[in-house]
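Good morning, and thank you for coming. I should like to take you through one model, beginning with its strands and ending with its charged side chains.

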Amino acid sequence: MITPHPSAPVAPARTVRKAVVPAAGLGTRFLPATKATPKEMLPVVDKPAIQYVVEEAAAAGLDDVLMVTGRHKRAIEDHFDHAFELEQALAAKGDTMRLDAVRDAARLASIHHIRQGEPLGLGHAVLCARRHVGDQPFAVLLGDDLIDPRETLLDRMLDVRDRRRGSVVALMEVPPEQIHLYGCAAVDPTGEEDVVRVTGLVEKPALQDAPSRYAVIGRYVLDPDVFGVLERTPPGRGGEIQLTDALQELATSGTVHGVVFKGPRYDTGDKADYLRTVVRLACDRPDLGPEFTAWLKEFVAGLDGTRTARRDIAA
C-alpha cells in the first residue's frame with residue numbers, strides 16, 4: 001500500500017462494513033457452459049470465481065455481504081450455505097482438510113441473497129441492495145472480476161473513502177484499443193500518487209471520445225447518495241441502467257475519487273482471461289505450483305518445437 005501524501009486528511013475509524021456482489025448476469029460469453037451453471041460458479045483451480053471475491057471482501061473487514069442474483073443462480077446460494085450431508089460424510093471419514101474447505105464458504109461472512117427480477121443493468125442491481133444497505137456507505141465487487149489475492153486494492157479504496165468521503169472507484173490504465181470495453185474516467189491529480197479526483201465518466205466510449213486511458217474495473221466503494229441518483233437514472237447504453245451514468249452525476253459535484261491499480265486483475269467472464277487466471281493461480285499454489293509449472297514448461301517447449309517443425313515443412 002502506498003503511504004498517504006502528507007497533505008491527505010487524517011483517516012477516522014473504518015466506516016464501511018457491507019459489501020454488495022452483483023451476480024445476476026446471464027453469462028452469455030461462456031455459453032454453453034453457463035446454460036445451467038452460473039458464470040460466477042465456474043471453477044478457478046478448485047474454488048468458484050465468486051468465492052475469491054467474497055474472500056477479498058472478508059479480508060478487508062466487510063463481514064456483511066449481499067449477493068444480487070437471478071432466478072437461475074440458485075447454485076450460488078447453495079455454495080455459501082452449509083451442506084450438512086456432505087459435511088457429515090467427510091467428518092465420518094476423518095477428512096478434515098476437505099471438510100474445512102467445504103465449510104469455509106459459509107463461514108467467510110454473514111451472507112445474504114436477493115434476486116434481481118429482470119436483467120436491467122449493473123445500476124439496477126446496485127439499486128436492489130438499497131433496503132439492505134440503508135444509509136450506510138458500501139462496497140460493490142463484481143462477481144467475475146478477480147483481484148490477485150496478494151493485493152490490497154479494496155483496503156486502499158476503503159482508506160480513501162474514510163479520509164475523503166464520497167464514492168471511490170477502482171481504475172486501471174488499459175491500452176487505447178481496449179478502452180471501448182469499459183467505463184472510462186476523466187481525472188485530475190490529488191497530490192497522492194495513486195489517487196485521482198474523477199471529474200467525469202463515459203460508458204464504453206469510442207477511442208476518439210475517451211477522456212483518458214483509465215478504465216473503471218469491478219470494485220467500487222459507494223456513498224448511499226448513489227441510490228437517489230440511480231432511481232432517476234434512465235436506461236442508457238444497451239437499454240440498461242448504468243452505474244457509470246449515476247457516478248457521472250456524482251462526479252460533477254466533486255465527490256468521486258479513483259484509486260489507480262497496477263497489480264494483477266483477472267476478468268473471468270472472458271474466455272482467454274479465464275484460462276490465464278487458472279494457469280496463474282495454479283502456478284502460485286504451493287501444493288500444485290511446482291508440478292504444474294514443470295509440466296507447463298514442457299508443454300510450451302513442445303508447442304515451440306511443433307511450430308518450428310511446421311515452419312521447416314512450409315519452407
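Two strands are said to pair if DSSP finds at least two bridges between them; the elements themselves are DSSP runs numbered from the N terminus, helices being H or I of at least four residues and strands E of at least two. What you see is a predicted model, in which local features need pLDDT of at least 70 and side-chain atom pairs count only at pLDDT 80 or more, while totals for chains, interfaces and linings use all residues. Residues are numbered from 1 along each chain as its sequence is written, and side-chain values use heavy atoms, with hydrogens and water left out.

Let us start at strand β11, residues 214-222. Strand β6 (residues 138-141) runs antiparallel to β11 and is joined to it by four bridges; there, Ala 139 stands opposite Val 221. Strand β8, residues 167-173, also pairs with β11 in the antiparallel sense, over five bridges, with Met 172 opposite Ala 215. The antiparallel pairing of β9 (residues 183-189) with β11 has two bridges, and Gly 183 has Val 216 as its bridge partner. Is β11 enclosed or open? Eight of its nine residues are buried (under 20% relative accessible area, 1.4 Å probe, protein chains only; exposed is over 50%, partly exposed in between), so the strand is largely enclosed by the rest of the structure.

A word on confidence, given by pLDDT, the predictor's score for each residue from 0 to 100. The chain has a mean of 88, and 92% of its residues reach 70 or more. Among the elements, β6 has the highest mean, 97, and α11 the lowest, 79.

I turn now to salt bridges, in which a side-chain nitrogen of Lys or Arg lies within 4 Å of a carboxyl oxygen of Asp or Glu. The count comes to 28. One of them links Asp 78 to Arg 74, at 3.2 Å from N to O; the two are four residues apart in helix α2 (residues 74-79), and so about one helical turn separates them. Another joins Glu 87 and Arg 103, whose closest N and O atoms are 3.4 Å apart. Because Glu 87 lies in helix α3 (residues 84-93) and Arg 103 in helix α4 (residues 96-107), this pair ties together parts 16 residues apart in sequence. Glu 87 is buried, at 7% relative accessibility, whereas Arg 103 is partly exposed at 26%.

Finally, Arg 156, Asp 159, Arg 163, Arg 164, Glu 192 and Asp 194 are linked in a network of salt bridges.
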